[in-house]
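Grab a pencil and work through these short exercises, each with its solution spelled out. Take a look at the model before you start.

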Amino acid sequence: MDNSIKGLLNDNNIKIPKHIAIICDGNGRWAKEKGLPRYLGHKAGTDPIKTITKACSELGVEVLTFYVFSTENWNRSKQEVNFLMNLFIEFFIKLQNEVGKNVKVKHIGNMDSLSSKLINEIKKTEKLTENNSGMVLNVALNYGSRSEMTNAVKSIISDMNNENLRNDKIDETLINSYMYTSGLPDVDLIIRTSGERRISNFLLWQSAKAKLWITKYFWPDFKIGHLNEAIKFYNEIDD
Ligand code: IPE
Ligand code: IPE
Ligand code: MG
């Protein structure tokens, strides 16, 4: 497997997706296969985030979204949820040291049930990177499409009640502007690891025209070579 992006960079006929969205699945199974506790799978899952972010940024991807925690994931054990939340705090602190890389970090999802410590680190990271002009890195954490759409409907109704919005103005562009991804291009390519063929409440509105590439590899084993394969697949199947 070619684990460099040189092939893609040197191929003038390759179209790079504007927005790649990744469902980072299989951390638990990765750990189980190695006889390790689940939390070590989550820890190992932060490595590909770094390498894939760098690769996508170099390839000229405009938006990269990682799905790291869904609104349904609160149903996991308290111990696992706590571990993940602490891992996310560390993750955002690490991102703050990568500001020089010109990536603009954004959280997408519902902040309400997150701890104030995590919210602070998210906000700090967003603020530190807000003027970066390179790739947008969306971290979908406590994200769920249905929740996003429900909030959008509530905000639209509230703006109508306040007479800030007239109902003849409601069209797809307007609805789009009420999503967390307002101003960003639609998803072109969804990647899901660990072989699951589910969308799991991820970017349902934004992925209306997306192509879906599934690999059997677990997320902690995801390499640049897999990203290459996914982008080639994106180029090979018809629009
Ligand atoms: C994905 O890995 C990470 C999160 C959802 C937080 P999983 O934890 O879902 O791993 P599997 O699917 O159990 O292997
Ligand atoms: C989807 O993975 C959500 C994330 C990767 C964050 P899950 O493992 O939670 O999803 P299901 O339960 O297989 O759909
Ligand atoms: Mg899973």
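For the charge exercise below, Lys and Arg count as positive and Asp and Glu as negative, while His and the chain ends are left out. Keep in mind that this is a predicted model.

**Exercise 1. Work out how far apart the mean positions of the positive and negative charges lie.**

Start with the tally: the protein chain carries 32 positive and 29 negative charges. Then take the mean position of each set; the two points are 5 Å apart.

**Exercise 2. Judge how compact the protein chain is for its length.**

First, take stock of the fold: nine helices and six strands. Next, compare the radius of gyration, 18 Å, with the 18 Å that the globule rule gives for 239 residues; the two are close, so the chain is as compact as a globular protein of that length. Finally, look at burial, with buried meaning under 20% relative accessible area: 46% of the 239 residues qualify.

**Exercise 3. Decide whether strand β1 is enclosed or open, and find its pairing partners.**

Step one: count buried residues in β1 (residues 19-23). Five of the five are buried, so the rest of the structure largely encloses this strand.

Step two: check the faces. In a regular strand, side chains alternate between the two faces of the sheet. Here H19, A21 and I23 are buried on one side, and I20 and I22 are buried on the other.

Step three: trace the neighbours. β1 runs parallel to β2 (residues 63-70), joined by five bridges, and I23 has Y67 as its bridge partner there. β1 also pairs in parallel with β5 (residues 189-192) over four bridges, where I22 stands opposite I191.

Note on methods
Residues numbered from 1 in each chain as written. Chains lettered and ligands numbered in written order. Predicted model: local features only at pLDDT ≥ 70, side-chain atom pairs only at ≥ 80, totals over all residues. Heavy atoms only, no water. Helix = DSSP H or I, 4+ residues; strand = E, 2+ residues; numbered from the N terminus. Rg over C-alpha atoms; globule rule 2.2 N^0.38 Å. Buried < 20%, exposed > 50% of the residue type's maximum accessible area, 1.4 Å probe, protein only. Charge placed at Lys NZ, Arg CZ, Asp CG, Glu CD. Pairing = 2+ DSSP bridges.
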